[in-house]
Amino acid sequence: MNLPCRPRRNRANSTIRSLVSETTVGVTDLVQPLFLLEDPNARESIDSLPGIERLGLEPMKRHCETLQRSGIGGVALFPVFPSSVKDAQGSVALDADNYFYKALEALKDTFPDLVFFVDVALDPYTDHGHDGLLDAGGNIDNDLTVERLCAISVLLAQTGVDYVAPSDMMDGRIAAIRGELDSQNYQTTGIMAYSAKFASACYGPFRDAVGSAQSKGYLDKMSYQLNPSNGREASRELALDENEAADIVMVKPAGWYADIIYRGRSLVSVPIAAYQVSGEYSMILASADRGWIDRDSAVSESLTAIKRAGADLIFSYFALEFASKRGK
C-alpha cells in the first residue's frame, strides 16, 4: 500500500506513545472526597461505595497524612450528622460549636499545605434532604437559602479552609457569598462553585454516605439542579458564576457530562473542576468485580477522558488508588 501518512508510527511502542501523549492526569490534579463522622475514633464502611469509609477525626488525620504523602492536591470534606440533630431548617449548620467545624479547624491546623474544599449546602443538615430551605408550599426558597449559605460560608472560613464550595445551585449565591466573606475580612477564602450540577441519577451512593437519602423513592431536585438535557443552560450557569467571582467552577457529574466540560473550557477563564461522582465510581467497581472490565484500565481511562475534555482538577473517589499506582 502506498501510504505516506501512517499514524501508527506514533503508536509503535510505549516510549513513543508517552512522548506524543496529548493528555496526562497528574496526581496533583486530583482531589479526594472524604466523609467525616462525629465520633473521633470511628470508622464505618459504606456499602454503596466499596473501599470508601466514613471516618472520625483521628483516623481522618491518618488518612490525610497518607493522601498528602501520595502527592494528591486536595481533599473535599463532607459531614455526616445523625438524623436526631437534623430539622427542616438545617439549624445545626449554624452552630459554630458543632463537631464538623471543630474537626475542620483541627485538620487544617495539622495539614496546612493540603488544600481543603468544603461543601456549602443544606442537604447534610436537613431532615428532608434538600439543598435549600422549603417555603410553606414545600418549594425551595431561593433567597432565604442564600442567606443561610452565606452564614455557613463564614463559619467555614473561620476554620481556615481554602475553598468554600456552594453545591446547592441557588441563583445568585456566588456573588452573595463573595460579598459576605469579603465583608467579614475573609478575602483570601476561595469559592469553588458547583456551577453545572445536573439532576443526575448518579448521586445515590453519596446520599447514602452523608445520610441525606430518602427512605422511600428518589429525591427530586429538578427545580434547582440542571436538566440533563440542557447544555446551553449549563454554559449559562458557568458564565454566571465566573462573573459573580467564583475562583473555580465545577461540572458534576464528570464522565457523563464531558461535553459540558469541553464547552466550558472555551467559555470561562477560571479553572474547571469536574466531579467523578459516587455512581460513576460504583459502576466501574461493580463491572470490575464481575470481571466485565479491567479495573485499573477503566479507572485510568475514565480520569484521562475527564482531563481530555478540559478539566483542570478532578474530584474522584479513585484519587488515592490512582496515585498509589501512578506515583507522584
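Helices (DSSP runs of H or I, at least four residues) and strands (runs of E, at least two) are numbered from the N terminus. The model is predicted, with local features requiring pLDDT of at least 70 and side-chain atom pairs pLDDT 80 or more, while totals for chains, interfaces and linings use all residues. Residues are numbered from 1 along each chain as its sequence is written, and side-chain values use heavy atoms, leaving out hydrogens and water.

**Figure 1. The second largest pocket, to which β1 contributes the most lining residues.** The volume of this pocket is about 270 Å³. A pocket is an open set of points on a 1 Å grid over the protein atoms alone, with protein on both sides within 12 Å along at least five of seven lines; lining residues have an atom within 4 Å of a point. Points are joined across faces, edges and corners, and a volume is the space filled by probe spheres set on them. Of the 17 lining residues, Gln32, Gly51, Ile52, His63 and Leu320 lie nearest the centre of the second largest pocket. Strand β1 (30-36) is joined in the lining by β3 (53-55), α2 (57-70) and α11 (319-326), each of the four supplying at least two residues. The share of β1 is four residues. By class, the lining of this pocket holds 10 nonpolar, three polar and four charged residues (Ala, Val, Leu, Ile, Met, Phe, Trp, Tyr, Cys and Pro count as nonpolar, Asp, Glu, Lys and Arg as charged, and the others, Gly among them, as polar).

**Figure 2. Ala319 in helix α11.** Ala319 has a relative accessible area of 0% and is therefore buried (under 20%; exposed is over 50% and partly exposed in between, with a 1.4 Å probe and protein chains only). With neighbours within four places in sequence set aside, Ala319 contacts Leu30, Val31, Gln32 and Ile72 (contact: heavy atoms within 4.5 Å). Glu147 lies 172 residues from Ala319 along the chain, and the C-alpha atoms of the two are separated by 34 Å.

**Figure 3. The largest pocket, with 19 lining residues.** This pocket encloses about 330 Å³ of space. Met169, Met170, Asp171, Tyr224 and Glu237 are the lining residues nearest its centre. Helices α5 (173-183) and α7 (231-243) each provide at least two residues of the lining. The largest share, five residues, belongs to α7. Eight nonpolar, four polar and seven charged residues make up the lining of the largest pocket.

**Figure 4. The largest nonpolar core, with 107 residues.** Such a core is a set of buried Ala, Val, Leu, Ile, Met, Phe, Trp, Tyr and Cys residues joined through side-chain atoms within 4.5 Å. Phe35, Phe100, Leu156 and Phe315 touch the most other members. Helix α4 (residues 142-159) makes the greatest contribution to this core, namely eight residues.

**Figure 5. Salt bridges of Lys307 with Asp29 and of Asp162 with Lys108.** The whole structure contains 16 salt bridges (a side-chain nitrogen of Lys or Arg within 4 Å of a carboxyl oxygen of Asp or Glu). Lys307 and Asp29 meet with an N to O distance of 2.9 Å. These partners are 278 residues apart, Lys307 in helix α10 (residues 295-309) and Asp29 in the loop between α1 (14-19) and β1. Both Lys307 and Asp29 are buried. In the other pair, the closest N and O atoms of Asp162 and Lys108 are 2.7 Å apart. Asp162 lies in the loop between α4 and β6 (163-166) and Lys108 in helix α3 (residues 99-110), a separation of 54 residues along the chain. Asp162, at a relative accessible area of 24%, is partly exposed, whereas Lys108, at 9%, counts as buried.

**Figure 6. The salt bridge between Lys221 and Asp131 and the largest cavity.** The closest N and O atoms of Lys221 and Asp131 are 2.6 Å apart. Lys221 belongs to the loop between α6 (204-210) and α7, and Asp131 to the loop between β5 (115-120) and α4, so the pair ties together parts 90 residues apart in sequence. Lys221 counts as buried at 4% relative accessibility, and so does Asp131 at 0%. Asp131, Lys197 and Lys221 are joined into one network by salt bridges that share partners. A cavity is a set of grid points where a 1.4 Å probe fits but cannot get out, and the structure holds one of 30 Å³ or more. The largest cavity has a volume of about 90 Å³. Its lining includes Asp131, Lys197 and Lys221, together with Asp119, Asp123, Ser167, Tyr203, Phe206, Arg207, Gln225 and Lys252. Seven charged, two nonpolar and two polar residues form this lining.
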